Amino acid sequence: MGSPKDSLNDTYRVDCLSSYMGSTLDAIRNGVNVRGYFTWAFMDLFELRAGYQSKYGLYRVDFDDMRRPRQARLSARWYSGFLKKNGSSLLISRTQEDLTRNTV
């Protein structure tokens, strides 16, 4: 999910990931043979139409700095917690306080 906003507090992306993960888990419970899931993208990248303007990554990349430092967004910390807990409890808790508490 791309965004023109360069925020570390990307609750909209957490909601999107949570929705996809919830639907995927429901499908698995209903017998669908799911082999894997990949987020797009791990970190901000160059997008063909929008260049560096659209922010896709779970990690923010500072393209103005020659060292290209990266910072974990809220979605990266949420996704990490989701994977560590096998997806059980994080789909239910979406409040900022809960998301912060369930981070790496």
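Here is a short walk through the structure, from overall confidence to a few local features.

What you're looking at is a predicted model, and the protein averages a pLDDT of 80, with 82% of the residues scoring at least 70. Confidence isn't even along the chain. Among the elements, strand 2, residues 70–72, comes out with the highest mean pLDDT, 95, while helix 3, residues 96–101, sits at the other end with the lowest, 51. Where pLDDT is low, the predicted coordinates shouldn't be read in detail, so let's spend our time elsewhere.

Helix 2 is a good place to stop. It runs over residues 74–84 and carries both W78 and F82, four residues apart, or about one turn of the helix. Their ring centres are 5.3 Å apart and the planes meet at 20 degrees; planes under 30 degrees apart count as stacked, so this pair does. Now bring in Y79, which also lies in helix 2, three residues from F82, again about one turn. How are the rings of Y79 and F82 arranged, stacked or edge-to-face? With centres 6.3 Å apart and planes at 10 degrees, this pair is stacked too. Put together, W78, Y79 and F82 form one aromatic cluster. The structure holds three aromatic pairs, by the way, and the two just described are among them.

Are these rings' residues buried or exposed? The cut-off for buried is under 20% relative accessible area. W78 has 1%, so it counts as buried. F82, at 7%, is buried as well, and so is Y79, at 13%.

Next, head back towards the N terminus, to the loop between helix 1 (11–29) and strand 1 (59–61), where V34 lies. V34 has a relative accessible area of 31%, which makes it partly exposed. That matters for the surface: patch residues need over 30% relative accessible area, so V34 can take part in one. Together with I28 and V32, V34 makes a nonpolar surface patch of about 210 Å².

The loop between helix 1 and strand 1 also holds Y52. Y52 is partly exposed, because its relative accessible area is 40%. Which residues does Y52 touch, leaving aside those up to four places away in sequence? The answer is L45, F46 and F63. Y52 also has a link in space to the start of the chain: its C-alpha atom is separated by 9.2 Å from that of P4, although the two are 48 residues apart along the chain.

How values were computed: Residues numbered from 1 in each chain as written. Predicted model: local features only at pLDDT ≥ 70, side-chain atom pairs only at ≥ 80, totals over all residues. Heavy atoms only, no water. pLDDT = per-residue confidence, 0-100. Helix = DSSP H or I, 4+ residues; strand = E, 2+ residues; numbered from the N terminus. Patch = residues over 30% accessible without salt bridge, like charges linked within 9 Å, V, L, I, M, F, W, Y side chains within 5 Å. Areas by Shrake-Rupley, 256 points an atom, 1.4 Å probe, with all protein chains shown as cover. Salt bridge = Lys/Arg side-chain N within 4 Å of Asp/Glu carboxyl O. Buried < 20%, exposed > 50% of the residue type's maximum accessible area, 1.4 Å probe, protein only. Contact = heavy atoms within 4.5 Å. Phe/Tyr/Trp six-rings, centres within 6.5 Å; stacked < 30°, edge-to-face > 60°.
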